[in-house]
Amino acid sequence: MDPQTLAQQIVPVLAPVLPYLVKAGEQAAGEVGKIAAGVAGEKIKTLWGRIWSKMDGKPAAQEAVQELVKNPDDADAQGAFRLQLRKLLADDADLLADVARLWAEVNAASGVGNTNIAAGNRSVAIGGHVSGSVIVTGDQNQIKPS
């Protein structure tokens with residue numbers, strides 16, 4: 001898989017759990033497990049560990065990580081992180097191969113061909129095809145009988 005495609009697929013999955021992955025301590029690791037349940041959560045932690053091992057010591061990459069930790073839903077923060085990840089993958093064939101393998105393991109562990117992780121308040125994860133449906137989240141959303 002090419003670095004750009006891989007980075008585009010990984011960032012939306014890492015972004016919501018990155019604040020927990022970056023925090024030190026077992027409690028934070030447990031939070032990742034709650035958000036990204038089961039084996040897939042463990043695989044995501046392993047994937048992040050491999051990526052971080054190459055980002056550590058690179059100021060631009062570290063800044064992109066910190067910005068994404070502060071603002072995981074911000075498209076610009078995701079873009080900056082995606083750019084740094086893509087650069088790392090493009091510059092290191094071994095890293096690219098490892099991350100591609102780990103990403104395939106994340107996908108396999110999730111039980112579907114695509115990683116679907118509901119992370120954060122009012123999140124929804126859907127595996128498979130959905131049509132003709134409306135998904136509404138939030139505290140004030142209620143279906144009122146007619």
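**α5 and α6**

I began with the pair α5 and α6 in this predicted model. Their axes lie 5 Å apart, and the two helices pack at an angle of about 115 degrees. I listed the residues that make the contact: L88, L89 and D91 on the α5 side, and A93, L95, L96 and V99 on the α6 side. Sorted by class, the contact of α5 with α6 has six nonpolar residues, no polar ones and one charged.

I then looked at the loop between α5 and α6, where D92 sits. Is D92 buried or exposed? I found a relative accessibility of 18%, and because the limit for buried is under 20%, D92 counts as buried. I also checked what its side chain meets: the side chain of D92 makes a polar contact with the side chain of K54, at 3.2 Å.

**Overall layout**

I counted the elements next. The protein chain has six helices and zero strands, and its pattern along the sequence reads α-α-α-α-α-α. The chain holds 146 residues, of which 30% count as buried. I looked at how far contacts reach along the sequence. Taking contacts between residues at least 6 apart, I noted that 62% join residues at least 24 apart.

**α1 and α4**

I turned to helix α1, residues 3–22, and helix α4, residues 59–70. Their axes come within 8 Å and cross at roughly 110 degrees. Because angles of 65 to 115 degrees count as roughly perpendicular, I entered α1 as roughly perpendicular to α4. On α1 the contact is made by A15, L18, P19 and V22; on α4 it is made by V65, Q66, L68 and V69. I divided the residues of this contact by class and got seven nonpolar, one polar and no charged.

**The nonpolar core**

I looked up the largest nonpolar core and found 30 residues in it. Which residues have the most contacts inside this core? They are I10, W48, I51, M55, F81 and L85. I traced the core back to the helices: α1, α3 (38–55), α4, α5 (75–91) and α6 (93–110) each supply at least two of its residues. The largest share comes from α1, with ten residues. As background, I note that in soluble globular proteins nonpolar side chains tend to be buried together.

I followed I10 further. Setting aside neighbours within four places in sequence, I10 is in contact with L47, I51, L85, V99 and W103.

**A64**

I picked A64, which is found in helix α4. Its relative accessibility is 5%, so A64 counts as buried. Which residues does A64 touch, not counting those up to four places away in sequence? I found A80, F81 and Q84. I also took a C-alpha to C-alpha distance: A64 and L83 are 8.9 Å apart in space and 19 residues apart in sequence.

**R82**

R82 lies in helix α5. I found a relative accessible area of 29%, so R82 is entered as partly exposed. Leaving aside neighbours within four places in sequence, R82 is in contact with A7, Q8 and V11. I computed its C-alpha separation from A61 as 9.6 Å, with the two positions 21 residues apart in sequence numbering.

**D73**

I finished with D73, in the loop between α4 and α5. Is D73 buried or exposed? With a relative accessible area of 74%, D73 is exposed. I then took its C-alpha to C-alpha distance to P12: the two are 9.1 Å apart in space and 61 residues apart in sequence.

How values were computed. Residues numbered from 1 in each chain as written. Predicted model: local features only at pLDDT ≥ 70, side-chain atom pairs only at ≥ 80, totals over all residues. Heavy atoms only, no water. Axes fitted to C-alpha atoms, helices over the stretch in contact; angles between N-to-C directions. Helix = DSSP H or I, 4+ residues; strand = E, 2+ residues; numbered from the N terminus. Parallel < 35°, antiparallel > 145°, perpendicular 65-115°, else oblique. Contact = heavy atoms within 4.5 Å. Nonpolar A, V, L, I, M, F, W, Y, C, P; charged D, E, K, R; others polar. Core = buried A, V, L, I, M, F, W, Y, C linked by side-chain atoms within 4.5 Å. Buried < 20%, exposed > 50% of the residue type's maximum accessible area, 1.4 Å probe, protein only. Polar contact = N/O pair within 3.5 Å; in protein donor to acceptor, adjacent residues only side chain to side chain.
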